[in-house]
Amino acid sequence: MSDPAVELRAVTKRYGRVEAVKSLSLQVPEGALFGLIGPNGAGKTTTFGLLSGFIRPTEGEVLVRGERLSPGRPPVGQVLALPQDASLPGHRDVRGCLVQLGRLGGLTRDAAEAGAASALDRVGLGELQDRKVGQLSHGQRRRVGIASTLVGGD
């Protein structure tokens with residue numbers, strides 16, 4: 001069995017007296033898509049912040065592909081999160097946005113171009129690649145957001 005892509009081991013995050021996440025342990029297998037569901041204040045956003053390296057745990061450890069996250073070293077290109085209110089620039093074409101995100105994630109131009117095309121096909125938007133993001137419906141923009149997390153994948 002391979003190591004999980006991401007793992008939290010007994011992670012707690014406190015903000016003063018408020019315990020946003022309490023002793024959370026979880027493993028996400030390589031290649032999995034996952035989400036967190038829960039009521040407001042349950043610690044979902046904090047957990048994704050911990051997994052992406054933007055927030056440090058008060059206790060416990062966060063591992064990405066078996067390596068412990070350390071302060072100032074986020075797992076660029078290894079963990080992708082799509083915040084619920086993420087948006088892309090409305091004046092840019094869909095393909096261009098995805099290629100730019102791929103490049104920011106460390107892909108070569110050719111790999112980013114291929115990844116963008118593949119990701120758009122996977123979410124059923126290949127025919128809209130030249131359309132401006134601002135011209136898309138809300139649901140289509142959400143699918144472009146999902147595609148953005150797939151650009152560097154297989």
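How many helical turns separate Arg109 and Glu113 in helix α3? The answer is about one, because the two residues sit four positions apart in that helix, which covers residues 109-122. This is a predicted model, and the report follows its salt bridges.

**The helix pair**

Arg109 and Glu113 form a salt bridge. Their closest N and O atoms lie 3.6 Å apart. Arg109 is partly exposed, at 47% relative accessibility. Glu113 is also partly exposed, with a relative accessible area of 27%.

**A network**

Glu7, Arg9, Glu61 and Arg68 belong to one network, joined by salt bridges that share partners. Within this group, Arg68 bonds to Glu61 through a salt bridge. The closest N and O atoms of that pair are 3.6 Å apart.

**A link between distant parts**

Glu30 and Arg65 form a salt bridge too. Here the closest N and O atoms are 2.6 Å apart. The two residues are 35 apart in the chain, so the pair links distant parts of it. Glu30 lies in the loop between β2 (18-28) and α1 (44-51). Arg65 lies in the loop between β3 (59-64) and β4 (67-68). Is Glu30 buried or exposed? Glu30 falls in between: it counts as partly exposed, at 42% relative accessibility. Arg65 is partly exposed as well, with a relative accessible area of 42%.

**The count**

The model has eight salt bridges in total. Three of them, including the helix pair, are listed here.

| Salt bridge | Closest N and O atoms |
|---|---|
| Glu30 and Arg65 | 2.6 Å |
| Arg68 and Glu61 | 3.6 Å |
| Arg109 and Glu113 | 3.6 Å |

Key:
Residues are numbered from 1 along each chain as its sequence is written. This is a predicted model: local features need pLDDT of at least 70, side-chain atom pairs count only at pLDDT 80 or more; totals for chains, interfaces and linings use all residues. Side-chain values use heavy atoms; hydrogens and water are left out. A salt bridge is a side-chain nitrogen of Lys or Arg within 4 Å of a carboxyl oxygen of Asp or Glu. Buried means under 20% relative accessible area, exposed over 50%, partly exposed in between (1.4 Å probe, protein chains only).
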